[in-house]
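Biologist: Could you take me on a close look at the charged side chains in this model, and at what surrounds them? I would enjoy one connected walk through that part.

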Amino acid sequence: MLKLFTKGFWDVVARIILRNKIAILLSIVAITVLFSTQWNHMRFTYTEANLLPDDHEVNIVYTDFLNIFGEEGNLVVLGVKDSSLFTVEHLNAWNKLSEAFKSLDEVEAVVSIKDLKKLVKNTEEERFELEPFITDSIHTNRQLDSLQEDLFQKYPFYDNFLFNKNTKTIRTAIYLRKDIVNTAARKDFVFDALLPKVEAFENATNLDVRISGMPYVRTLNAQNIVDEIGKFIALALGVTSLIFFLFFRSFRATFISLLVVCIGVMWTFGIIGFLQYELTVLTALIPPLIIVIGIPNCIFLINKYQHEVKLHGNKVRSLQRVITKVGNATLMTNVTTASGFATFMLTESTLLKEFGVVASLSILSIFILCLLIIPIIYTFLPFPKDRHLEHLNKRWIGGFVNWMERMVKERRITIYITSIVLLIASMIGIYQIKISGSLIEDMSKEAEFFQDIRFFEEEFNGIMPVEILVDTKRKKGVMKLATLKRMNELEELILEIPELSRPISIVSLVKYSKQAYYNGNPKYYQLPTSQENSFILSYAKNSSSNLNLLSNFVDSTGQYARITTFMKDIGTDKMEDIEEDIQTKINKLFPEEKYHVTITGKALVFQKGTKYLVKNLAISLSLAILLISLFMAYMFRSFRMIVVSLVPNLLPLVITAGLMGYLGVPIKPSTILVFSIAFGISVDDTIHFLAKYRQELQANHWKIRKSVYGALRETGVSMFYTSIVLFFGFLVFTFSSFGGTVALGALVSATLLFAMLSNLLLLPSLLLSLERNIANKEVLKEPSINIIPDEDEDDDDDDENQTETNKNP
């Protein structure tokens with residue numbers, strides 16, 4: 001079993017591939033068609049990324065809240081800040097626009113200026129009644145002035161809900177049906193109803209309407225992600241194929257590579273559809289990722305084929321050697337890369353699990369496609385022309401290799417000092433890294449909806465809901481005056497926090513009721529005394545059932561109440577401070593034996609999820625290191641070689657983390673992926689180098705220096721080629737409009753560049769400095785997996801099998 005991936009095994013694989021060309025190609029076509037039938041099962045997620053496990057305490061609290069009050073993020077708001085809105089014509093048009101949404105099936109309720117009611121006292125019948133501010137429409141400027149006076153001066157109940165009395169900003173609240181908020185119907189409402197109606201209003205009035213609210217933001221953000229999938233696939237194909245062509249100067253080789261990675265992308269979409277996973281912000285990155293990772297596989301295979309053809313001129317032998325000599329190496333490097341992604345499967349986050357499954361399966365798929373398609377296609381193509389092989393003689397590549405060799409020979413002390421200085425500086429930078437739990441930080445800063453978010457943050461203090469759930473532990477406990485007073489004190493604290501909006505709860509309605517009891521006098525907008533409470537409650541009980549304007553803030557039993565506020569986009573540290581202040585106040589105001597009060601909401605869940613992922617980052621990266629170390633141990637059977645191989649791959653990760661601290665790039669869901677991805681990819685170069693080094697040691701009779709320089713010259717070129725492709729391939733992600741994707745692309749690119757230099761300079765320097773402590777008989781044992789077959793064995797077997805293979809090329 002340990003000898004499964006020996007040369008004999010790969011000889012068998014080579015014969016199977018080259019003898020069954022047509023059958024294999026037809027099988028690939030059939031599988032591709034089969035996967036294409038699964039594409040219609042792909043769907044984009046209509047919920048926020050929940051980064052926490054389902055059984056996490058924060059998720060349980062949030063689920064309990066949803067079970068009592070239903071989906072909280074169902075509010076879409078329209079806003080206008082323009083003095084010309086307060087004309088008879090424009091305000092009537094605004095009210096007409098708001099009315100138009102009420103007839104839509106997706107809409108549960110609409111609250112606009114026209115829907116606002118005055119709460120008035122009917123003394124004869126001892127009850128409260130509702131009278132509209134606007135009975136039908138506004139006909140005169142006098143009516144308009146009276147409306148503004150009522151809204152902005154007499155009725156604080158509505159302040160900061162539908163208007164800002166200081167800036168005269170007006171908004172309309174559209175409540176979507178809770179059962180459609182997380183479905184495709186939300187997208188249909190936004191694109192087919194909301195945007196066309198708003199655009200028609202803007203054209204008619206020349207007013208600028210701002211739109212926001214979580215359903216709207218999530219819909220447009222999701223659409224941007226979908227649009228970027230195509231853009232990134234095109235960019236990744238364009239950039240990697242251009243670099244590939246510049247290296248090989250062959251349209252034929254470039255076309256073959258593009259064909260392979262395009263099929264790989266089709267398989268990736270098929271895997272997502274087959275597993276019925278949703279397209280999230282993470283899984284959307286995998287198709288272009290497969291292109292970036294697949295092209296280096298093509299480089300290794302095609303470069304080896306052309307090198308062999310130039311060496312002995314036998315096409316069949318060259319193709320067989322491509323499979324036997326490069327197949328094993330590419331398998332191992334793809335397995336280690338897949339392992340870096342597969343570690344995400346061991347986390348408890350569904351989002352990361354799905355990303356890890358799809359990414360690792362797709363990487364292994366692209367390896368299989370490269371190994372099968374490239375040799376088979378070349379059997380049908382004519383012998384390469386001289387111009388196709390010219391890239392093998394490029395002088396500048398020789399100059400690069402000579403520079404590396406000279407640095408390792410003469411400047412090892414410089415390399416060590418530089419590495420130590422970078423390590424120390426990076427450790428200082430790591431302590432400056434911050435954690436970001438913002439729901440909107442990664443969204444496109446140039447998008448119009450993002451500018452609208454900032455508008456509503458400035459005018460109404462945010463759009464991200466934070467909920468406080470008050471459990472009185474008894475039916476009808478909410479309406480007890482003691483409960484209302486406690487809730488009111490908590491709301492006063494929230495009012496003092498500039499990052500939070502004015503809270504909305506049953507307390508506001510009770511205050512409004514007292515104002516109405518005193519004939520609308522705004523100075524009585526406050527909680528009633530115990531004596532007043534009995535009179536006001538008697539009026540409320542006699543009132544019509546539709547009086548309770550905030551019925552969705554108390555459950556049907558009267559046991560649970562909610563306080564809703566909205567938060568600005570703030571950093572995790574600030575959010576934690578605010579949460580701590582509120583929790584301290586809750587602990588002081590609400591005795592545990594009488595109340596159970598919890599803080600929840602989408603903003604808080606996302607922030608907690610980000611912190612949870614940071615903890616999982618260490619676990620995931622440690623698992624990746626452990627798993628890849630086991631691979632190295634299995635291949636080289638030397639503990640010392642494992643240690644030496646890890647140093648040049650961990651240093652780039654530390655440098656990147658330090659850069660994040662210095663550049664102010666926070667730890668967040670997108671940047672958390674950088675380390676495991678980069679480590680899984682960068683260790684491939686180490687495997688190639690050490691495998692060649694072991695082979696050189698055997699060939700050169702344990703002459704260490706000669707073996708190191710031989711391995712450096714042999715692998716340096718291919719490592720440089722693949723690193724350049726990977727660097728520019730990941731760099732295409734910086735063209736994203738999403739901050740997280742930009743950071744991911746830039747950081748992985750930088751890490752891989754550092755890793756290339758580390759593997760080409762630091763690794764051989766370590767081997768030379770440690771010399772016989774490393775290169776002992778332990779290293780010279782025959783490895784469990786012979787990554788690079790020995791030349792002499794390969795030549796003998798090729799000669800024996802050449803005639804047989806030629807019978808069916």
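Modeller: Gladly! A salt bridge here is a side-chain nitrogen of Lys or Arg within 4 Å of a carboxyl oxygen of Asp or Glu. Keep in mind that this is a predicted model. With that cut-off, the structure holds 8 salt bridges, and Asp208, Arg210 and Asp452 are linked in a network of them.

Let us start with Arg210, which takes part in two of the contacts that build this network. One of its partners is Asp208, with an N to O distance of 3.3 Å between the side chains. The other is Asp452, again in a salt bridge at 3.3 Å, N to O. This second pair links distant parts of the chain: Arg210 belongs to strand β8 (residues 210-212), Asp452 belongs to helix α14 (residues 448-460), and their positions lie 242 residues apart in numbering.

How buried or exposed are the three members? Asp452 has a relative accessible area of 3%, so it counts as buried. Arg210, at 22%, is partly exposed, because the partly exposed class covers values between 20% and 50%. Asp208 has a relative accessible area of 42% and is therefore partly exposed. The network thus joins a buried acid to a partly exposed arginine and a partly exposed acid.

Just before this network in the sequence comes a backbone detail worth a look. Asn206 sits in the loop between α6 (184-205) and β8, and has a positive phi of about 60 degrees although it is not a glycine. Most residues other than glycine have a negative phi. Asn206 is exposed, because its relative accessibility is 70%. Gln276 offers another case, with a positive phi of about 55 degrees, and it is not a glycine either. Gln276 lies in the loop between α8 (251-274) and β9 (278-279), and its 48% relative accessibility makes it partly exposed.

Now for another salt bridge, between the side chains of Arg562 and Glu467, at 2.8 Å from N to O. Here, too, distant parts of the chain are linked: Arg562 is in strand β11 (residues 560-567) and Glu467 is in strand β10 (residues 464-471), 95 residues apart. Arg562 is buried, with a relative accessible area of 5%. Glu467 is buried as well, at 0%.

Not every charge is paired in this way. A negative surface patch is formed by Asp573, Asp577, Glu580 and Asp581, and residues in such a patch have no salt bridge. Asp577 is found in helix α18 (residues 572-589), where its relative accessibility of 41% makes it partly exposed.

Finally, a word on the nonpolar surroundings. The largest nonpolar core has 143 residues, and Ile374, Ile677, Tyr693 and Phe730 touch the most other members. Helix α11 (residues 350-380) contributes the largest share of this core, 18 residues. Apart from it lies another core, of 100 residues, whose members include Leu85, Ala193, Ile563 and Ile570. If you return to one place in the viewer, I would pick Arg210, with Asp208 and Asp452 linked to it in the network.

Key: Residues numbered from 1 in each chain as written. Predicted model: local features only at pLDDT ≥ 70, side-chain atom pairs only at ≥ 80, totals over all residues. Heavy atoms only, no water. Patch = residues over 30% accessible without salt bridge, like charges linked within 9 Å, V, L, I, M, F, W, Y side chains within 5 Å. Areas by Shrake-Rupley, 256 points an atom, 1.4 Å probe, with all protein chains shown as cover. Lys, Arg positive; Asp, Glu negative; His and termini not counted. Charge placed at Lys NZ, Arg CZ, Asp CG, Glu CD. Helix = DSSP H or I, 4+ residues; strand = E, 2+ residues; numbered from the N terminus. Buried < 20%, exposed > 50% of the residue type's maximum accessible area, 1.4 Å probe, protein only. Core = buried A, V, L, I, M, F, W, Y, C linked by side-chain atoms within 4.5 Å.
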